[in-house]
Amino acid sequence: MATQPTGDAAAGIWSAAQAEDIGRAAWDGMLRGKGRRISFFDEMTSQEGETRSPYRDYCWWFEAEDAARIQHKAQQAEALFRTTGITFNVYGAADGDERLIPFDVVPRIISASEWRRLSRGIEQRVRALNAFLHDIYHRQEILRAGRVPTELIAGNEAFLPMMMGLDPPGGIYTHISGTDIVRTGADEFYVLEDNARTPSGVSYMLENRETMLQMFPELFAKVPVREVSDYPINLLKSLAACAPPACGGTPTVAVLTPGIHNSAYYEHSFLADHMGAELVEGHDLRVVDGRVAMRTTQGYKAIDVLYRRVDDDYLDPLNFRPDSMLGVPGIWDVYRAGGITIANAPGTGIADDKALYSYMPDIIEFYTGEKALLPNVPTWRCSDPEHLREVLDRLPELVVKEVHGSGGYGMLVGPAASKKELAAFRAKLESNPGNYIAQPTLSLSTVPIFTKKGLAPRHVDLRPFVLMSPQGITITPGGLTRVAMTRGSLVVNSSQGGGTKDTWVLED
C-alpha cells in the first residue's frame, strides 16, 4: 500500500499526525476549558500516515506534480468561475454584491463500495419521504398509529391543507431532492438533513466537474471516475415522465424562477439551458383555456411540467399570498384539475422540517418495513420541555438550528460561540423553543484543500441529488461536496463562507 511522505513541503502532502494536530489545534481553541478534545477522520490519510485506497491514484499523480502548476491551475479555475458567472447572492449582505463560491481543485474521492452503501440508504429514505407525504395528505395512517405526533403536522407552517386528498401526477411529490450527509469515520455516515422543497447546488456540482476536466484532463485518464454530466438530461426525462393527464404529446417543461435577484438564479438559468427548457418568471405565464401557458413569439404555449424554484406561498396570489409578484394567478386551480405538474409538489416543505427529521427512522420503518440504512444524527426537539432543559444545560457543546432554517442562517455552533452569542441564543430558545432543534457537534470528516503552503484538511459534507418519477429513482454518483474553507470551521454553507469541490465516485 502506498504511504504518504511526511513533512514534504514541496509536495504539500501531510502526515496523519500533522492533520490531527491541525484539527486538534482548532478544536482546542473552541473547547478550551471543557476538558476534552475531538479527533477527526481524514478521508485521504489514515492515522498511520498511509494513503487510503480511494485516494491512492490521485496521490501518486499529486506527488509527481509541480505545486506551482497546481497553484496556477487553481487561479485559472477561479478566473473561469468569474467569467462564467458562477456566483450567488447573500441575503442581507450590506454590499448586496454577488459573490464567487470558493472552488477547491483537490477532489473529494469516494470508493465504489462506499457509494453503493450510500445509494441504498438514500433511495430508501427518498421512497419513505414520498410515501410519508402521500400519507399525510390522505389517510394519515402514520399519525393514527402514533408514530409521528399529530401536532407536529397540524401546527406546522409547511403543512399545506389544500393538498389534502389531491394526487399529484404519477404520485410523485419529491421529484428532486437532496440529502445532506456527513461522515465521522471509515464506516460512519449520518444523514444531517433532508432537502425536499427546492434543493439547490446541482449546477455547482456540474460546473465543478467541467472545471476539473478543463484544468486537469490527464487526471481522468489515470483515475476511473463516474460521470455526472448526464444529470440535466436525466432531470428532463424524469420531469417529463411526470406529465399531467392534460398533456397530449411530448411534454413541455419550463423552469420557474423568482428572477435575477434570487440567490440561486445562476442555477435556475443553468438548468433551463442544459435541459433545453424555457426559463420563465411569473409575469411570463398566464392561465389560458384551463392550462398554464407561457408567452412566446408565436403566442401563448401550454406548459405541462413546471420545475418551480418559488416557495409555496408565492405560487398563486389568488390562492396564497395576494401580494406575490412571483407566481401565476390561478395556477393552483389548474394544478388541482390535473392541467399541470408542479415539481416539487406543493406541500413538500413539511419533509424539510428539522423537528420532523428526528422521526425519520420511524417514518422509514413504517413505510418500508426496514430499519434505516443511514442513521440520523441524534436530535433534541426544543418544543419538548425535557429536551429543552437538556439543550439549555449543554448549549456550549451543541449545534442549534431553526426548524425551517436553511443556508446556515439562524444557527448556533455552540463550541465556536462567544458568551454573548450563547446568552442571546439562550433567550431565543426560552422565548420560542418550538422553533429550534439541537444536535451534538459531530466530528465531521476532513478532506484536503489546496493552499499556498500545500494541502490542508478542512471539514466537509455531501449533498447527493436524487430524481424520482414513476419510472424509478436516479441518484447522481457523487453530488455536491461543500467544504468549510476556514481552518477549524464546521459551517460549510456558501452563504457562511464555505466552498465547494468536485466529488469523485470511483468506478468498480
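Asn195 has a relative accessibility of 12% in this predicted model, and because buried means under 20%, Asn195 counts as buried. The residue lies in strand E5, which covers residues 188–195. Its side chain makes a polar contact with the side chain of Asp180, at 3.3 Å. Asp180 also appears in the list of residues that Asn195 touches beyond four places in sequence, together with Ile176, Ser177, Gly178, Asp352 and Arg463.

Ile176 leads on to the next residue. Leu239 touches Ile176 as well, along with His175, Val253, Met275, Val305, Tyr307 and Ala343, again leaving out residues up to four places away in sequence. Leu239 belongs to the largest nonpolar core, which has 55 residues. Leu239 is among those with the most contacts inside this core, and the others named are Val105, Tyr231, Leu235 and Trp504. Helix H7 (residues 202–215) gives the largest share of this core, six residues. Another core, of 47 residues, lies apart from it, and includes Leu166, Ala196, Phe320 and Ala351.

Two cysteines can be considered next. Cys247 counts as buried because its relative accessibility is 18%. Cys382 is also buried, with a relative accessible area of 1%. The structure holds zero disulfides.

Now to the sheets. Strands of a sheet pair through backbone hydrogen bonds, in either a parallel or an antiparallel way. One open sheet has three strands in the order E8-E9-E10, and the pairing is antiparallel. Which strands stand at the edges? They are strand E8 (285–288) and strand E10 (299–302); each has a single partner strand, so one side of each is left without a neighbour in the sheet. From one strand to the next, the twist averages 45°. Four bridges pair E8 with strand E9 (residues 291–296) in the antiparallel sense. Within this pairing, Val287 has Val292 in E9 as its bridge partner.

The loop between E8 and E9 contains Asp289. Asp289 is exposed, since its relative accessible area is 78%. Its phi is near 55°, a positive value in a residue other than glycine. Most residues other than glycine have a negative phi, and most peptide bonds are trans. Gln140 is another residue that is not a glycine and has a positive phi, of about 55°. Gln140 sits in the loop between helix H4 (112–136) and helix H5 (141–144). Is Gln140 buried or partly exposed? With 22% relative accessibility, Gln140 counts as partly exposed.

The peptide bond between Ala343 and Asn344 is cis, with omega about -10°. Asn344 is in the loop that runs between strand E12 (341–343) and helix H12 (354–357). Ala343, on the other side of this bond, is one of the residues that Leu239 touches.

Strand E16 (residues 436–440) brings in further pairings. How many of its five residues are buried? Four are, so the strand is mostly covered. E16 runs antiparallel to strand E13 (residues 380–381), and two bridges join them. In this pairing, Trp380 stands opposite Ala438 in E16. Strand E14 (residues 398–402) also runs antiparallel to E16, with five bridges between them. Here Leu398 stands opposite Pro440 in E16.

The last stop is Val310, in the loop between strand E11 (305–308) and helix H11 (331–336). Although it is in a loop, Val310 is buried, with a relative accessible area of 2%. Leaving aside neighbours within four places in sequence, Val310 is in contact with Leu256, Thr257, Pro258, Leu315 and Leu326. Val310 and Gly259 are 51 residues apart in sequence, and their C-alpha atoms are 9.8 Å apart in space.

Methods
Residues numbered from 1 in each chain as written. Predicted model: local features only at pLDDT ≥ 70, side-chain atom pairs only at ≥ 80, totals over all residues. Heavy atoms only, no water. Buried < 20%, exposed > 50% of the residue type's maximum accessible area, 1.4 Å probe, protein only. Polar contact = N/O pair within 3.5 Å; in protein donor to acceptor, adjacent residues only side chain to side chain. Contact = heavy atoms within 4.5 Å. Disulfide = S-S within 2.5 Å. Core = buried A, V, L, I, M, F, W, Y, C linked by side-chain atoms within 4.5 Å. Pairing = 2+ DSSP bridges. Axes fitted to C-alpha atoms, helices over the stretch in contact; angles between N-to-C directions.
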